[in-house]
Amino acid sequence: MAKIQARNFPEHLFEQLMTDAQKNERSLEGHVRFLLTCALNNPILNEGTELPEWMLNALRESAKKGFRSIRHEIIKRLTESFAKEDVYPPDTND
């Protein structure tokens with residue numbers, strides 16, 4: 001299996017990765033592998049997505065301000081939009 005190494009990685013991001021890995025009960029290596037797999041296999045997060053560049057830029061800027069990922073920012077905005085339209089998940093207790 002191939003190996004990768006990242007040099008000059010920002011300390012604050014390394015600490016965030018370590019914290020996230022622990023929260024998700026993964027090793028650091030396993031968590032990085034998980035994140036990269038999700039990012040590469042999720043077209044909404046890739047640069048070649050169907051979203052217009054201006055929209056991706058706005059999402060990136062908003063996500064940075066709230067210390068969120070672009071994916072989290074999209075989910076946050078969709079959730080807020082659905083709530084305004086009174087659209088909620090179906091009741092699964094039936």
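**Group meeting: a pocket and its helices**

Let's start with α2, because of the pocket: the largest share of the lining of the largest pocket comes from α2, with 10 residues. Bear in mind as you look that this is a predicted model.

So, how big is the largest pocket? Its volume is about 1,900 Å³. There are 36 residues lining the largest pocket, and the ones closest to its centre are Leu 17, His 31, Val 32, Leu 35 and Leu 36. If you want to find the walls on your screen, look for α1 (11-23), α2 (28-41), α3 (53-65) and α4 (70-84), the elements that each give two or more residues to the lining. What about the chemistry of that lining? We get 20 nonpolar residues, 7 polar and 9 charged.

Okay, on to how two of those helices meet. α3 and α4 pack with their axes 9 Å apart, at an angle of about 95°. An angle from 65 to 115 degrees counts as roughly perpendicular, so that's what we call α3 and α4 relative to each other. Which residues make the contact? On the α3 side you have Ala 58, Leu 59, Arg 60, Ser 62 and Ala 63. Facing them from α4 are Ile 70, Glu 73, Ile 74 and Arg 77. Sorted by class, the contact of α3 with α4 has 5 nonpolar residues, 1 polar and 3 charged.

Now a quick look at two helices one by one. α4 has 15 residues and spans 21 Å from its first C-alpha to its last, close to the expected 21 Å at 1.5 Å a residue. After α4 comes Asp 86, with a positive phi near 55°.

And α1? This helix has 13 residues and covers 18 Å from first C-alpha to last, close to the 18 Å you'd expect at 1.5 Å a residue. Just after α1, Glu 25 takes a positive phi of about 55°.

To wrap up, back to the pocket: among the residues closest to its centre are Leu 17 and His 31, and α2 gives the largest share of its lining. That's it from me, thanks.

How values were computed:
Residues are numbered from 1 along each chain as its sequence is written. This is a predicted model: local features need pLDDT of at least 70, side-chain atom pairs count only at pLDDT 80 or more; totals for chains, interfaces and linings use all residues. Side-chain values use heavy atoms; hydrogens and water are left out. On a 1 Å grid over the protein atoms alone, a cavity is a set of points where a 1.4 Å probe fits but cannot get out, and a pocket is an open set with protein on both sides within 12 Å along at least five of seven lines; lining residues have an atom within 4 Å of a point. Grid points are joined across faces, edges and corners, and a volume is the space filled by probe spheres set on the points. Helices (H or I, at least four residues) and strands (E, at least two) are DSSP runs, numbered from the N terminus. Ala, Val, Leu, Ile, Met, Phe, Trp, Tyr, Cys and Pro count as nonpolar, Asp, Glu, Lys and Arg as charged, and the others, Gly among them, as polar. The expected span of a helix is 1.5 Å times one less than its number of residues. Axes are lines fitted to C-alpha atoms, for helices over the stretch in contact, and angles run from 0 to 180 degrees between N-to-C directions. Angles under 35 degrees count as roughly parallel, over 145 as roughly antiparallel, 65 to 115 as roughly perpendicular and the rest as oblique. Contact means heavy atoms within 4.5 Å.
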